[in-house]
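Hello,

Here is the structure I promised to pass on. Please open it first, then read the notes below.

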Amino acid sequence: MAVSLRYRQIHLDFHTSPVCENIGEHFDANSFVQRLKDGYVDSVNIFAKCHHGMSYYPSKVGIVHPHLRYDLLGEQIEALHQADIKCPVYLSIMWDDWAAQEHPEWIIFDRDGHASIRPPLSGEWGWSTLDVGSGYGDYLLAQAEEICENYDIDGMFFDITWPRPNYSPWGMKRMADAGVNASDEKQVQAFATQVLADFYERMTACVRDKAPDATIYYNGTTTPSMRWTLPYMTHLEIESLPTSGLWGYLHYPMFARQARTYGLPFVGMTGRFHKSWADFGGLKTRDQLDYECGVILAAGGAVCVGDQLHPSGKLDDAVYRLTAHSFQRVKALEPWTKGAVPTAELAIQLLDRDRLYPPCPGHEHGYPSAVEGAAQMLLESAIQFDIVDPDGAIDQYDVIILADQGSIDTALAQKLRQYLSQGGQLLVSGVAALCNGNFVLDEIPVTYQQASPTIPSFVRPDPLLTRGNELADDYDYVIYNRSHVVSPAAGSETFGMLSRALFNRTYEHYISHQHAPAGESLNAPFAVQKGPIAYIASEIFSAYRDHDYWAYRELALAVLKRLLPHPLLIVNGPGWVEGNLHLQTANEEHPARRIVHLSAYHPRRSMQAIPHADQSWSTSDLSIRVRLDNDRPEQAYLAPDKTSLPLKRIDGYAEITLPPIGAHAVIVIE
């Protein structure tokens, strides 16, 4: 089912303990709607059942909050619909404290035999985690059916859903009956994934039967393994509160670049909080929310901002004055965001299919270090890219990166060979695609010899690697992560040379404060290129992620530019001004156009591990170049106010010099 998402959403958390009294006492439907309208909100997720297990409508299936005296959900839906504000309904899935108390047999136990519950005598954060393959799944299905039958719903937002093995006595018996070896974690995880898939199928069928036009999303599924969950949902959402301590400011830009490869619309969710969910009294600045909304739009998503409703049912005026400032601009930009498609000239290829399907514990929520490092490097360089899973299409990209580590199976190897035969290009690094000492793809123009005998190793760039950057060709740059010794294929070009350290640091061999200096040459190249394939003999992307050493970015980009000499977008500015290029096809209201989003990240120094971009200032002396591909645009301007910008055509590019910009700017070329 094709869906059209609203672009100015609120996720209105309402996890309200049964010890809270006077629930919804100050809720007034007219005031509630007016605050949302004043905040330029056009869609809001509202609660049917929360993590405490409390229901906020007269449920005959679940337990109604003991201090709620009326149908809060019903009054919200009626008022919101009258104001043309969409309101998907929230239902907590795997976390439910009340159900755990009533049915302890539904609780998941971990591999060590511990119940998955909050420490019972503490006030720590935590919830009871329940098994949807037990009777609890039937309970959830009955409640969803009740909601769909009793209310005119716009959608269902199912929260807390991911494969979680259950080693309870009941769970162990279920695995034994299914022939699962409970000591084999791979088998157990595959079984847990199938249990969840069966639940998804039942729940999605129920909603589609009762409310065929409703949107459906299962939160917790937007992971590197997200492909397997797509049949059960109408769209994707990326929960990514950057100041929470869990996600950070690079999380959303990375996951958006995978989510957008599946052809489904998606939402980026940040929060109004200083920290994370339930941060009552925490509030972002206008600059900070402007920046976060801009980043969401720049990657192609609709915007959702998390808020939390006070138990009394009254919205905070200050929150919606804040959203008004950002959402007013989001609304004004909708002619240039709706229907615009992000471009990508390069893809980072996810490897290790067996770690993605089924998702293994600890891997399903994040990317490998090499993928994160490559994404950071490309974002800072304004190279337009996606992240593609092993089953994703790759023919449309100019370059594919196989980053540092990971295996490729027969199917992916065949797809990559087909891609190369059609004119595609590869950048391979480290031991990506290496199996038993040999690269699976014979086309990679090196023979693997061995890992570097020392960590670190060093690279001496040659003039081809130092062109146009600050690298020096008379200096040995340390590679903190592993490098590898390879022999170049006949007819290939080599760049830079690797050296070992004098020795590995041990209790017997050490010098000064850190590692030893450069020693003998390894007589091995840092990089090799032959035709459409380039290889870097260091785990350069994970090293960039781990150490943030500028030299790694310059070295990798020097190699990449040989494959991508004419990128779609060039930003003449610092790496903290990120550039994203969208294409929007012509319609009755406008011609075809290119749209560039610039997002300027301005963090402060502080003693906190989490940076706060809560102050923005104008950034000047910026310019961009946009590749034209034989088009002849007539004008350039800033959206939404259409301030005209000077446009020059130079060497196949449109060059535009920009006035000072704030946290987010949109440049249109048409």
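Start close to the C-terminal end of the numbering, with one pair: lysine 648 has glutamate 655, in strand 32, as its bridge partner. Keep in mind that this is a predicted model.

That pair belongs to strand 31 (residues 647-650) and strand 32 (residues 653-657), which are antiparallel and joined by 4 bridges. The two strands make a hairpin, with 2 residues between them. Aspartate 651 sits in the turn and has a positive phi of about 50°.

Now the overall layout. The domain assignment lists domain 1 (8-338), domain 2 (346-563) and domain 3 (569-669). Between the C-alpha centres of domain 2 and domain 3 the distance is 30 Å. Their contact involves 4 residues of domain 2 and 7 residues of domain 3.

Next, the sheet. An open sheet is built from 9 strands, ordered 13-12-14-15-24-23-22-19-20, with mixed pairing. Strand 13 (385-388) and strand 20 (477-479) are at the edges. Each has a single partner strand, so one side of each has no neighbour in the sheet. On average, neighbouring strands here are turned by 25° against each other, direction ignored.

Within this order, look at strand 15 (residues 425-429) and strand 24 (residues 533-536). They run parallel and are joined by 4 bridges. Valine 428 is placed opposite tyrosine 535 of strand 24.

Helix 16 lies across several strands, among them strand 12 (346-349), strand 14 (399-402), strand 15 and strand 24. The helix runs at about 155° to strand 15.

Last, a pocket. Where does the second largest pocket lie? Domain 2 (346-563) and domain 3 (569-669) both give residues to the lining, so the pocket lies between them. The space in it is about 650 Å³. The elements that each give two or more residues to the lining are these:

- helix 12 (369-380)
- helix 16 (550-563)
- strand 25 (569-572)
- strand 26 (577-584)

Which element gives the most to this lining? Helix 16 does, with 6 residues. In total, 30 residues line the second largest pocket. Ser381, Leu557, Lys561, Ile570 and Val571 are the ones nearest its centre. By type, the lining has 15 nonpolar, 7 polar and 8 charged residues.

So helix 16 turns up twice: it lies across strands such as strand 15, and it gives the most residues to the lining of the second largest pocket.

Best wishes

Terms used:
Residues numbered from 1 in each chain as written. Predicted model: local features only at pLDDT ≥ 70, side-chain atom pairs only at ≥ 80, totals over all residues. Heavy atoms only, no water. 1 Å grid on protein atoms, 1.4 Å probe; cavity = no way out; pocket = protein on both sides within 12 Å on 5 of 7 lines; lining within 4 Å. Points joined across faces, edges and corners; volume = space filled by probe spheres on them. Nonpolar A, V, L, I, M, F, W, Y, C, P; charged D, E, K, R; others polar. Domains from an automatic or database assignment. Pairing = 2+ DSSP bridges. Axes fitted to C-alpha atoms, helices over the stretch in contact; angles between N-to-C directions. Contact = heavy atoms within 4.5 Å.
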